[in-house]
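Q: Please take a close look at one part of this model, its helix packing and its charged pairs. Explain the terms along the way for someone who has not seen it before.

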Amino acid sequence: MSRRPPLAFIFTVTLTGILNNALITPALPDILADLGVADERSGLLVASGSVAGIVVAPLVGFFADRYGRRVVLTSCLTAFGSFGLMAALSPSFEVLVLSRLLQGVGSAGLINLAVVLIGDHWSGSERTKIVGRNASILTVGLATIPLVSGTVTQLAGWRVTLGIYTVALATAVVSFIVLRDGRPTRRMSPLDQIRGAGEVIRQPSVAATFAVGFLIFVLIFGLFLTVLPLHLADMFGLDAGARGVMISLPAVTSTLAAFNLGRIRAVLSVRTIVLIGGAGLACAFFLLGSSRTLVLVAIGALYYGACEGSLIPTLQDRAVDASPDDHRGAVMAVWVGAARLGQTTGPLVAGVALTTRTPGTTLMGGAAIGILILLCGVFAPLPRHTQREGSRTQ
């Protein structure tokens, strides 16, 4: 096994990967007002940052398996930071959308490659624990980055906020230094690579993690991060800073859940976690959209965070567990591609819904998606044993 990269570096890559949309969402009302565009175009702006990942993420994983992690990850970080700067300097809405589209090419490989690096260097319960810790960083980022964004936007404007994207350029330098070349010693043909990854992806339990991941990211980026800021502004009159505080609330429960994934998996199976998470998300989004007091909205946000924080790392760990070394990058990239599809589809569908429905009603539609996740837990062939039981039978 090659030298392990520092966990702090892996966690930084994860944080950089979620900057793309988490940083921009609290600033959406300010951006739309400054550039003179309607609220319903917010979905297009958010989706433009992730649409490229649907196609690019699987390619990134394919190249990472073939040419090594360092060259691919460093290139992704460089592209992300460069086009992020272009977004901050955009003179019009159209240029901003184009900048985010190109930036999405760079961000497509970041989250999955962070998990791939964990799978490359850790295994078993230790890997599960670190995947959970990495997911806790992700969920903290999804909650606290909007807080930073809202504060910076209120104090200095949205262009300064988007300038934060350039931190990826520094991370790219670190990537080139701390990662070894890591090219595989056994070179397969591209066709063999695709066939091998396809065999893993076609496993029913792995395919189910892709489906649930897609639905979760529809909720996160289509409703929580895109519609909730508009709901908070319209229903409660909150400014950018206060919106950032509300969006940051799930950090509390999501971090607790993800950080303790090893303990959770010792007593709950993957199937049970999906069942509980789906039911919880249905309740959370109904509460977010129907509540008329901020206290109840806050409770809904905390409930949502607990479900997200347990579901995402559980699905990632299952996909990593099923992936051999030669195909781990490609399999995880397809998982992220499914998540990117949800990340892109969600804001677009939300934008359409907002043309005929209020933000609150649109949020309540998330309950139906939670029920779909619950049904995946009922009918999909997900593992029914806990990690402790699985270790005894292996």
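A: What follows describes one pair of helices, then the core and the salt bridges.

This is a predicted model, in which local features need pLDDT of at least 70 and side-chain atom pairs count only at pLDDT 80 or more, while totals for chains, interfaces and linings use all residues. Residues are numbered from 1 along each chain as its sequence is written, and side-chain values use heavy atoms, with hydrogens and water left out.

The part in view is helix α18, residues 294–321, whose axis comes within 10 Å of that of α19 and crosses it at roughly 150 degrees. Helices here are DSSP runs (H or I, at least four residues), numbered from the N terminus. Axes are lines fitted to C-alpha atoms, for helices over the stretch in contact, and angles run from 0 to 180 degrees between N-to-C directions.

In α18, I312, L315, Q316, A319 and V320 meet R328, V331, M332 and W335 in α19; contact means heavy atoms within 4.5 Å. By class, this contact has seven nonpolar, one polar and one charged residues. Ala, Val, Leu, Ile, Met, Phe, Trp, Tyr, Cys and Pro count as nonpolar, Asp, Glu, Lys and Arg as charged, and the others, Gly among them, as polar.

Helix α19 spans residues 328–354 and also holds V334. V334 counts as partly exposed because its relative accessible area is 24%; buried means under 20%, exposed over 50%, and partly exposed in between (1.4 Å probe, protein chains only). Apart from neighbours within four places in sequence, V334 is in contact with P58, I201 and F210.

W335 is also among the residues with the most contacts inside the largest nonpolar core, which has 112 residues. Such a core is a set of buried Ala, Val, Leu, Ile, Met, Phe, Trp, Tyr and Cys residues joined through side-chain atoms within 4.5 Å. I216 is named in that group too, and it touches L311, I312, L315 and I373, not counting residues up to four places away in sequence.

Helix α18 takes part in charged pairing as well. R127 forms a salt bridge with D317, with the closest N and O atoms 3.0 Å apart. This pair links distant parts of the chain, since R127 lies in helix α8 (residues 124–156) and D317 in α18, 190 residues apart. R127 and D317 are both buried, and they are linked with R318 and D321 in a network of salt bridges. A salt bridge is a side-chain nitrogen of Lys or Arg within 4 Å of a carboxyl oxygen of Asp or Glu.

Definitions and conventions:
Helix = DSSP H or I, 4+ residues; strand = E, 2+ residues; numbered from the N terminus.
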